[in-house]
Amino acid sequence: MTVYNLYIFDRNGTCLHYSEWNRKKQAGISKDEEFKLMYGMLFSIRSFVSKMSPLDMKDGFLAFQTSKYKLHYYETPTGLKIVMNTDLGVPNCREILHQIYSTLFVEYVVKNPLCSMNEPIQSELFCTKLDGFIRSLPFFSARAG
Amino acid sequence: VAGLAVFNRKMSVIHFFLKENGRCITRLENMGFRVGQGLIERFTKDTARFKDELDVMKFICKDFWTSVFKKQIDNLRTNHQGIYVLQDNKFRLLTQMSAGKQYLEHAPRYLAFTCGMVRGGLSNLGVKSIVTAEVSVMPACKVKFGFLQKLK
């Protein structure tokens, strides 16, 4: 079981952070294009999901899965979007993505006056803490399962 | 007592001012001075008078620092000739910034207010001092006090 990679976008679509752990295959396009593609897809899928929902929806889009991986999504009330790709054995990650927001992003980015919001995150402390957090997850294993 | 949330807002204010005007370190230190004066009055309103310099320093390093930052200092050294160095290895205003050398050049600005605060506290206890701070590895900081006169 493992985590492949993680993206953080702000509400304008800027990719604030990207980390990868066991990604075996790249997208074949530049990182900028990849971020735009990811953000564009999320934007469309959220709109699609809420339009086509047969019932009144509470949380909206949460995750999708393919035969090989699962994409987990979490959006804060301020429009920050956290996307995490894991393998299929991983259950619902909403709580974990929320923790990434409240204990890592808020602590080490929002509370750091030298980190400007809406720009890619430069703080090494944030990167280190995020890496440590992901590696300590019960379903993370350094060798992709 | 100024809570940590207030300090975090002050951090953003500090950052904003410094983009406009480099002489802000003095202004911040002076703001801290006034706050320190007020805080020490509140903290010592029920305490007996201090016997000597060492007593004053113990109060600043234990009660005062702990009330403001909700944690104890890690070390206090003196040369017994009026110079004291207080060490806090996890200074509360720096812990969210960096755990090493990143942003080191910006750290002194975030210590100006605290230096003023301690200088203000000491001032109202009757001690004129010079207070400076030094950061070599975040989030540890050393606050250096030089007493300019003997406690009366």
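Between chain A and chain B of this predicted model, 4 residue pairs are in polar contact, with both residues of each pair at pLDDT 80 or more. No salt bridge accompanies these pairs, for the rule finds 0 across the interface of chain A and chain B.

**The interface**

The contact draws on 11 residues from chain A and 13 residues from chain B. The size of an interface is often expressed as the accessible area that is lost when the parts come together. Here, the area buried between chain A and chain B is about 1,100 Å², and carbon and sulfur atoms give 60% of that area.

Which three residues supply the most of the area that chain A buries against chain B? They are Pro113(A), Leu114(A) and Leu125(A), which supply 57% of that area, more than any other three residues. Two helices also take part: α2 (94–110) and α3 (124–135) of chain A each supply at least two residues of the side that touches chain B.

**The largest pocket**

The volume of the largest pocket is about 530 Å³. Of the 20 residues that line the largest pocket, Asn5(A), Arg23(A), Lys25(A), Tyr69(A) and Asn85(A) are the closest to its centre. In chain A, the strand β1 (3–9) and the helix α1 (31–52) each supply at least two residues of the lining. The element that gives the most to this lining is α1(A), with 4 residues.

The table sets out, by class, the residues of two surfaces described above.

| Surface | Nonpolar | Polar | Charged |
|---|---|---|---|
| Side of chain A that touches chain B | 5 residues | 3 residues | 3 residues |
| Lining of the largest pocket | 11 residues | 4 residues | 5 residues |

**Backbone features of chain B**

Most residues other than glycine have a negative phi, and most peptide bonds are trans. Two places in chain B may be read against this background. Where does Lys70(B) lie? Lys70(B) is found in the loop between α3 (53–69) and β1 (75–78) of chain B; although Lys70(B) is not a glycine, its phi is positive, at about 60 degrees.

The other place concerns a proline. The peptide bond from Met138(B) to Pro139(B) is cis, with omega near -5 degrees. Pro139(B) belongs to the loop between β3 (129–134) and β4 (141–147) of chain B.

Notes: Residues are numbered from 1 along each chain as its sequence is written. Chains are lettered from A and ligands numbered from 1 in the order in which they are written. This is a predicted model: local features need pLDDT of at least 70, side-chain atom pairs count only at pLDDT 80 or more; totals for chains, interfaces and linings use all residues. Side-chain values use heavy atoms; hydrogens and water are left out. Contact means heavy atoms within 4.5 Å. Buried area is the accessible area (1.4 Å probe) that two parts lose on being put together, summed over both. A salt bridge is a side-chain nitrogen of Lys or Arg within 4 Å of a carboxyl oxygen of Asp or Glu. A polar contact is a pair of N or O atoms within 3.5 Å; within protein, one must be able to donate a hydrogen and the other to accept it, and residues adjacent in sequence count only if both atoms are side-chain atoms. Ala, Val, Leu, Ile, Met, Phe, Trp, Tyr, Cys and Pro count as nonpolar, Asp, Glu, Lys and Arg as charged, and the others, Gly among them, as polar. On a 1 Å grid over the protein atoms alone, a cavity is a set of points where a 1.4 Å probe fits but cannot get out, and a pocket is an open set with protein on both sides within 12 Å along at least five of seven lines; lining residues have an atom within 4 Å of a point. Grid points are joined across faces, edges and corners, and a volume is the space filled by probe spheres set on the points.
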